[in-house]
Amino acid sequence: QVVPPGLAREDLGVPPDRAGLQGGTLRLRHLRQRLAHGSQRRFGQAAAAEFSAVDRGKTREQRKHDQFDHRAGAAEQEEGAGDELALNLLAQARVASRSFEYRRALELLSEALAHENNSAIRRQINFEQAQVFYETGRLDEALDFMSLAQVNPQTGQPGRANPLIDIGEGLRILANIHRARGDYAAMRQARSAQGQSRPARAQFLYDQGLDEVVATGRNSQRAKSLFGQSYQSADSAAQAGIRHLSRLQLCVSGGSADALCSGPGIRSSYEWLRSSGVPRIAIEAMYLRVRLLVLSGQREEAIDLVDELVDEIHMLRYALPGVLGSWYRERHDALFEYCLGLLATQPAKRNKMDGLASLLILSKIRHIEKHAGSHHVAGASLGNTTPLRARLAQRQHAEAGESLSALNGQINQGLKVLRERFARQFEYLSEDGVKGYLQGLGRNEVLLTYHISPDTAQVWIGRKDGVQRQNIASPAYIY
């Protein structure tokens, strides 16, 4: 990547430690001060030029020419300071974004746009904003800023590389956005253009597999083939996450007869992903494991895991907002609908999975959705999560060949402590908590809630003595 004047190479990535962040803040302060005095300096230099011209006895035209030269030079100097400030703000925004601090990143990028005077810098800022909006689920704005950054299927063609913008990554994001919006023609166009930018083969095949699942269904033969190819292509330690995810996706997509879908193989991939230190792939693994359990007829075990899965998403969204990034916005609708549909078709005779337990899971999902769009640290009551967030950022952006076992151990220990604190704080979102609430109802009071989707419609009626769950006919009509 090209390094602009006045910036060290590390300013374009994550600084090695907190001192790097502090140094960046000091540079921004210095540049802001320079700009604040820019107008005074410009007019002062122009006035000095005029008086010195008189002393030298120059003609009126010569004096005007000198004044223009000095003012133009001062203006160029001020523009240069503005561009330098914009680049420093951009570098700090990248640090914030890589640390999942998306709100702070947007603040820095907005300020950077106010100071830049260079179209190349402006494209970089717009591209970074598009990525932040994508990670936070603001897809319309992400598309707008991708357009401003001139990222489209045409820019991804060979021979049109841009050293300042990762066009391939931009096209990957465009394809994912169109997939989430159900525009499969635009999705395929962007994905095809991404392929011209020489993306990492395993990830590219995996993304194409997800495209096929959404566009044509889980039983797509092409999806199975793509996940199988992705698994085979992910042959390095740095690609282990994609390798294990590809196995689970293949098996969920109806590849149970494949040798990759043996019980030990599935368990090995699932356990690796759960302890990977990357929350978004650990959560995806839990979701895929739920589906695999259902496919193998183990519905009770699947529902137990649903409860654990919903708790984990809630904890991450509350205590570590941002760490799930774009995964949450792309997957949460399908995940929650699948889980609620699973509960709706589960017989109520099972002691643990009665109306009370299904109401509890519905309540947890609604609690998670209540935090939608919140990207500031909301879980301060759970203690200082800054060290854990820093380790999560380091893990997600780890370089190839970097040893991760110690880092993963620290992350998993930190998450374990956080889960314990979270469970204590949200004790009311437990079976005992819901029972306590119901027992506090008056004799003539009833709790009434419902869930309606195109496929299922149910109502929960809670009284002092328990909860009843009832199906409602014709859910598609009501929806």
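## Helix packing and ring contacts in a predicted model

H9 and H10 are roughly antiparallel to each other, because the angle between them falls in that class (angles over 145 degrees count as roughly antiparallel). The axes of helix H9 (residues 201-216) and helix H10 (residues 221-233) come within 8 Å and cross at roughly 160°, where axes are lines fitted to C-alpha atoms over the stretch in contact and angles run from 0 to 180 degrees between N-to-C directions; helices are DSSP runs (H or I) of at least four residues, numbered from the N terminus. Among the residues that meet (contact means heavy atoms within 4.5 Å) are Leu205, Tyr206 and Val213 in H9 and Leu226 and Phe227 in H10. The residues of this contact divide into 8 nonpolar, 5 polar and 3 charged, with Gly counted as polar, Tyr as nonpolar and Arg and Glu as charged.

This is a predicted model, in which local features need pLDDT of at least 70 and side-chain atom pairs count only at pLDDT 80 or more, while totals for chains, interfaces and linings use all residues. Residues are numbered from 1 along each chain, and side-chain values use heavy atoms, without hydrogens and water.

Two arginines have their charged ends over tyrosine rings (CZ of Arg within 6 Å of the ring centre and within 35 degrees of the ring normal).

| Arginine | Ring | Distance to ring centre |
|---|---|---|
| Arg291 | Tyr338 | 4.4 Å |
| Arg317 | Tyr328 | 4.0 Å |

Ring pairs (centres within 6.5 Å) link Tyr318, Phe422, Phe426 and Tyr428 into a cluster.

Arginine 289, found in helix H13 (residues 279-295), touches Ile266, Arg267, Tyr270 and Leu305, not counting residues up to four places away in sequence.

Key. Rings of Phe, Tyr and Trp (its six-membered ring) pair if their centres lie within 6.5 Å; planes under 30 degrees apart count as stacked, over 60 as edge-to-face and the rest as tilted. Helices (H or I, at least four residues) and strands (E, at least two) are DSSP runs, numbered from the N terminus. Angles under 35 degrees count as roughly parallel, over 145 as roughly antiparallel, 65 to 115 as roughly perpendicular and the rest as oblique.
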